[in-house]
Amino acid sequence: MRTTVTIDDRLLQQLLVTTRSRNQSQAIRVAVEGYVRQQKIAALDRFRGTVRLDRRVLRWRHAQR
């Protein structure tokens, strides 16, 4: 998808250095993918301690067949 955005030059330069990207498009793509991944992890982290696992299932799953 093509889109136009306005980003501060200094911030974009920092992004290019941080991501070690070859061009601005790649740097922005890496940043957006990282943000989406981080949000997915945060969503899963909210379930920590609320789901109870039956250890027998884990043993059955990893048992030799």
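1. Confidence comes first, as this is a predicted model. The protein chain has an average pLDDT of 90, and 98% of its residues reach at least 70. Helix α1, residues 9–19, has the highest confidence, with a mean of 97. Helix α3, residues 55–62, has the lowest, with a mean of 79. Please keep a general caution in mind here: predicted coordinates should not be read in detail where pLDDT is low.

2. Next, have a look at the largest pocket, which has a volume of about 350 Å³. Its lining includes Met1, Arg2, Thr3, Thr4 and Val5 from the start of the numbering, and Ile7 and Leu12 also belong to it. The lining also takes in Gln24, Ser25, Ile28, Arg29 and Val32. Which helix gives the largest share of this lining? That is α2, with five residues.

3. Gln24 deserves a closer look, since you will meet this residue in the pocket lining. Gln24 sits in helix α2 and is partly exposed, at a relative accessible area of 44%. Leu12 is another of the lining residues. Along the chain, Gln24 and Leu12 are 12 residues apart, while their C-alpha atoms are separated by 7.5 Å.

4. On the surface there is a nonpolar patch you may like to colour in your viewer. Leu44, Phe47, Val51, Leu53 and Leu58 make up this patch, and together they have about 540 Å² of accessible area. Phe47 is found in the loop between α2, residues 24–45, and α3. Is Phe47 buried or exposed? Phe47 counts as exposed because its relative accessible area is 53%, and the cut-off for that label is over 50%.

5. How many salt bridges does the structure hold? There are two. One of them joins Asp45 and Arg48, whose closest N and O atoms are 3.2 Å apart. Of this pair, Arg48 is exposed, with a relative accessible area of 68%, whereas Asp45 is partly exposed at 40%.

6. A further salt bridge links the side chains of Asp8 and Arg10, with an N to O distance of 3.9 Å. This pair still counts as a salt bridge because the cut-off is within 4 Å. Arg10 is exposed, with a relative accessible area of 65%, and Asp8 is partly exposed, at 43%.

7. Finally, a backbone detail at Arg20. This residue lies in the loop between α1 and α2. Arg20 is not a glycine, yet its phi is positive, at about 55°. Is the residue buried or exposed? Arg20 counts as exposed because its relative accessibility is 76%, and exposed means over 50%.

Methods. Residues numbered from 1 in each chain as written. Predicted model: local features only at pLDDT ≥ 70, side-chain atom pairs only at ≥ 80, totals over all residues. Heavy atoms only, no water. pLDDT = per-residue confidence, 0-100. Helix = DSSP H or I, 4+ residues; strand = E, 2+ residues; numbered from the N terminus. Patch = residues over 30% accessible without salt bridge, like charges linked within 9 Å, V, L, I, M, F, W, Y side chains within 5 Å. Areas by Shrake-Rupley, 256 points an atom, 1.4 Å probe, with all protein chains shown as cover. Buried < 20%, exposed > 50% of the residue type's maximum accessible area, 1.4 Å probe, protein only. 1 Å grid on protein atoms, 1.4 Å probe; cavity = no way out; pocket = protein on both sides within 12 Å on 5 of 7 lines; lining within 4 Å. Points joined across faces, edges and corners; volume = space filled by probe spheres on them.
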